[in-house]
Amino acid sequence: MLNTSVKLSEVLYPPIEPFAKGMLEVSSLHTIAWEQSGNPEGIPVLVIHGGPGGGSQPSYRQYFNPESFNIVQFDQRGCGDSVPYAELEDNNTQASVRDIETLRTHLSIEKWHVFGGSWGSTLSLIYAQNHPESVLSLVLRGIFMCRKSELYWFYQDGASHVFPDAFEPYQQHIPMDEQDNLIEAYYRRLTSDDVEVRRGAAKEWTRWEMATSRLFPDPEYLDKAEDLDFAVAFARIECHYFTNAIFVEESYILNHIQKIQHIPTVIVQGRYDMVCPTRSAWELHQAMPNSNLVIVPDAGHSMGEVSIARELVIATDSIANDLTHHG
Ligand code: STX
C-alpha cells in the first residue's frame, strides 16, 4: 500500500533532547561522543548508526517511546562529535565492538536492546556475535553484511543499472583507466595529502549514496553531500572499512550466526533498497529461523521513509509492551 500522504512526523515520537551527554576516551587516540535520552529508568536501547562514518542524529531518538526507553546513542570513531575527526588510524570493526562494551560498562547498563540500520545492522550483528550476553534483542533495518557481492553491487556494478543518472558523476569522477575498481580509486583520493582532492572525492562518493537511498529521492537528503564536514568523515571512513573488507573474514556474520540464533530479532527491509538489496535480509532471516522479517513493499533504504519508520516503531513499541506485560 502506498502511504505517500502520511508524514514522517505522524509515525515517529516527537523530538526530544538528551538528559545526559559525555565524551568517553576509548583509546590513546580516540574519544567518542555519547548521549542518553528518554527515561533514565527506562529499558536500555543502544542505537548504532550507519556508514560507517554517518554519525548519530537527533531524529533517531524519535523511533522510541521516550517514557519507556533509556535511549543511548554514540558516534563511532572519527565521526559526528567524536574526535579526532575523520581519523582512520586505529579505526576498525573490532575497535567499534570494544567501544560499545566500554560504553555499556561506563553507563552501568547490564544488557540492552540494540537497534541499527545499514552499517548499523552490520555492527549490531557483529557486536551481538561477540557479546551475546549483553544483547536483549535486535531491531535491524536495511541489512548489510558487507560481503564482496554487496560492495560490488553498490559501488561498482548493480545499483548503477537502476540509477545510471546518479551513477554517472560518481563514476566520471574517476579517470577511465582506474574505473575497474572504483572503491580503490576513491580510497586513493580520500586519503590524498591534498585537501581539495579529498573533498572532491568525498562529495561524489556521498552524493551517490544519498541519491539512491530512497524510493522517492528527497532533494534535502542530497544536500548532506554538500556538507563537506559530514561528507569527508562519511566517505573516508566508509571507504577505509570497505577497502579492508571491514577487517573480518568474508561472510563473517553468516559464518557465526549460531552465536545469535536465540536472540529475538526483527528485520525491517525496504523491498526497493538499492544500497543494501533485500537478498541480504532474506539470507539473514533464513539463517536466523526465529527472526521476524518484515519486507516493506513501498520503500528503499532509508529509515526516514515513512513506511520503514512505521515498522521500526511497531518493533520498538512491541519491545516496550512485552516488558510491561511480563516484567
Ligand atoms: N553504507 C550504508 C549505510 O550504512 C553502505 C548508510 N548509508 N547512509 C547512511 O548510512 C547514513 C544515513 C548514515 C547517511
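The sulfur of C79 lies 15 Å from the closest cysteine sulfur, that of C239, and this is too far for a bond. C239 fares no better as a partner, because its own closest cysteine sulfur, in C146, is 11 Å away and likewise too far for a bond. A disulfide would need two cysteine sulfurs within 2.5 Å, and a search of the whole structure, here a predicted model, accordingly turns up 0 disulfides. Both of these cysteines are shielded from the surface: C79 counts as buried because its relative accessibility is 1%, and C239 counts as buried at 0%.

Aromatic contacts give a richer picture, with 17 aromatic pairs in the structure. One of them joins F144 and F242 in an edge-to-face arrangement, with 5.7 Å from centre to centre and 80° between the planes. F144 belongs to the loop between β6 (135–141) and α4 (148–155), while F242 belongs to helix α9 (residues 228–243), so the pair ties together parts of the chain that are 98 residues apart in sequence. Both F144 and F242 are buried. Another edge-to-face pair is made by F167 and W208, whose ring centres are 5.1 Å apart and whose planes meet at 75°. This pair, too, links distant parts of the chain: F167 sits in helix α5 (residues 164–172) and W208 in helix α7 (residues 195–211), 41 residues apart. Burial applies here as well, to both F167 and W208. The four rings just described belong to one aromatic cluster, which is made up of F144, F154, Y155, F167, Y170, Y186, W205, W208 and F242.

Aromatic rings also meet positively charged side chains. R214 lies over the face of Y221, at 4.7 Å from the ring centre. In a similar way, the charged end of K224 sits over the ring of F230, 4.5 Å from its centre.

Two of these residues reappear in the largest pocket, which has a volume of about 720 Å³. The pocket is lined by 35 residues, and those closest to its centre are Y60, Y221, K224, S302 and M303. Elements giving two or more residues to this lining are β3 (43–48), β5 (112–117), β6, α7, α8 (219–222) and α9. Strand β5 gives the most, with 3 residues. In character, the lining of the largest pocket is mixed, with 15 nonpolar, 14 polar and 6 charged residues.

How values were computed. Residues numbered from 1 in each chain as written. Predicted model: local features only at pLDDT ≥ 70, side-chain atom pairs only at ≥ 80, totals over all residues. Heavy atoms only, no water. Buried < 20%, exposed > 50% of the residue type's maximum accessible area, 1.4 Å probe, protein only. Phe/Tyr/Trp six-rings, centres within 6.5 Å; stacked < 30°, edge-to-face > 60°. Helix = DSSP H or I, 4+ residues; strand = E, 2+ residues; numbered from the N terminus. Lys NZ or Arg CZ within 6 Å of the ring centre and 35° of its normal. 1 Å grid on protein atoms, 1.4 Å probe; cavity = no way out; pocket = protein on both sides within 12 Å on 5 of 7 lines; lining within 4 Å. Points joined across faces, edges and corners; volume = space filled by probe spheres on them. Nonpolar A, V, L, I, M, F, W, Y, C, P; charged D, E, K, R; others polar.
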